[in-house]
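The exercises below are meant to be worked through with the sequence and the 3D view side by side. Try each task before reading its solution.

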Amino acid sequence: QVQLVESGGGLVQAGGSLRLSCTVSGRAFSRYGMGWFRQAPGKQREFVGAISSGGSSTRYTNSVKGRFTISRDNAKNTVYLQMNVLKPEDTAVYYCAAPCEPEVVVTPSYWGQGTQVTVSS
C-alpha cells in the first residue's frame, strides 16, 4: 500500500513563496513519476506539474511555468513543489499523486490528503 502525506501549505501574501513536501511510504517510490495537482473552490481539480522517477524530466501547466519547480529526493522518499511569485489565483488545496509521468498525464492511483495554500492580495 502506498501512502502520500503532504505538508508545507499555509497563508502567504502575493509575491511570496512556499515549499510543499510530499513524503511517500513504500519501497517503490523511486520507480514512480510523481505529480502535483490542485483544486480551487468551485473549480475542477487541475494538473500542476510532474517529475519523472529519476528526476531528469519535468512538466508544468502553463500558468505556473517559471514560478513553480518540482524536485525529488529519492533517498528521502519525498517530492517537493517550490512555489515562487505566488498569486491569489494559486489559492487551492494542493495534492501530490502517483504514479504520474511528465510525458503522459493520466489519473493517478494514489493521492495524498491535500494541503491548503492561500495567497492573499
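A strand, as the word is used here, is a DSSP run of type E with at least two residues, and strands are numbered from the N terminus. The structure shown is a predicted model.

**Exercise 1. Place Arg38 in the chain and describe its surroundings.**

Solution. Begin with the secondary structure: Arg38 belongs to strand S4, which covers residues 34-39. Next, consider how much of the residue is accessible; a residue is called buried when its relative accessible area is under 20%, and Arg38, at 5%, therefore counts as buried. Then look at the polar partners of its side chain, which makes a polar contact of 3.0 Å with the side chain of Asp90 and another, of 3.4 Å, with the side chain of Ser63. Finally, widen the view to contacts of every kind, leaving out neighbours within four places in sequence: Arg38 is in contact with a list of residues that includes Gln44, Glu46, Val48, Phe68, Glu89 and Tyr94.

**Exercise 2. Find how many disulfides the chain has, and describe what they join.**

Solution. The rule to apply is that two cysteine sulfur atoms must lie within 2.5 Å of each other. The sulfur atoms of Cys22 and Cys96 are 1.9 Å apart, and so, with that cut-off of 2.5 Å, this pair forms a disulfide. The count by this rule is one disulfide. As a second step, follow the two cysteines back to their elements: Cys22 is in strand S3 (residues 18-24) and Cys96 is in strand S9 (residues 92-98), which means that the pair ties together parts 74 residues apart in sequence. As a third step, consider the geometry, where the torsion about the S-S bond of Cys22 and Cys96 is about 55°, so the disulfide is right-handed. As a last step, check accessibility: Cys22 is buried, at a relative accessible area of 0%, and Cys96 is likewise buried at 0%.

**Exercise 3. Explain why Cys100 is left without a disulfide partner.**

Solution. Start from the distance, since the nearest cysteine sulfur to Cys100 is that of Cys96, and it is 11 Å away. The cut-off for a disulfide is 2.5 Å, and therefore Cys100, with its nearest cysteine sulfur 11 Å away, is in no disulfide. Cys100 nevertheless counts as buried, with 1% relative accessibility.

**Exercise 4. Locate Thr61 and name what it touches.**

Solution. Thr61 sits in the loop that runs between strand S6 (58-60) and strand S7 (68-73). Its relative accessible area is 21%, so Thr61 is partly exposed. Once residues up to four places away in sequence are set aside, Thr61 touches Phe47 and Val48. The C-alpha atoms of Thr61 and Gly49 are separated by 6.1 Å, although these residues are 12 residues apart along the chain.

**Exercise 5. Describe the chain as a whole.**

Solution. First count the elements: the chain has 11 strands and zero helices. Next compare its radius of gyration with what a compact globule of 121 residues would have, which is near 14 Å; the chain has 13 Å, which agrees. Along its principal axes, the C-alpha trace spans about 40 × 25 × 25 Å. Then turn to burial, where 44% of the 121 residues count as buried. Last, among contacts with a separation of 6 or more, 57% are between residues 24 or more positions apart.

Notes:
Residues are numbered from 1 along each chain as its sequence is written. This is a predicted model: local features need pLDDT of at least 70, side-chain atom pairs count only at pLDDT 80 or more; totals for chains, interfaces and linings use all residues. Side-chain values use heavy atoms; hydrogens and water are left out. Helices (H or I, at least four residues) and strands (E, at least two) are DSSP runs, numbered from the N terminus. Buried means under 20% relative accessible area, exposed over 50%, partly exposed in between (1.4 Å probe, protein chains only). A polar contact is a pair of N or O atoms within 3.5 Å; within protein, one must be able to donate a hydrogen and the other to accept it, and residues adjacent in sequence count only if both atoms are side-chain atoms. Contact means heavy atoms within 4.5 Å. The radius of gyration is taken over C-alpha atoms; the globule rule is 2.2 Å times the number of residues to the power 0.38.
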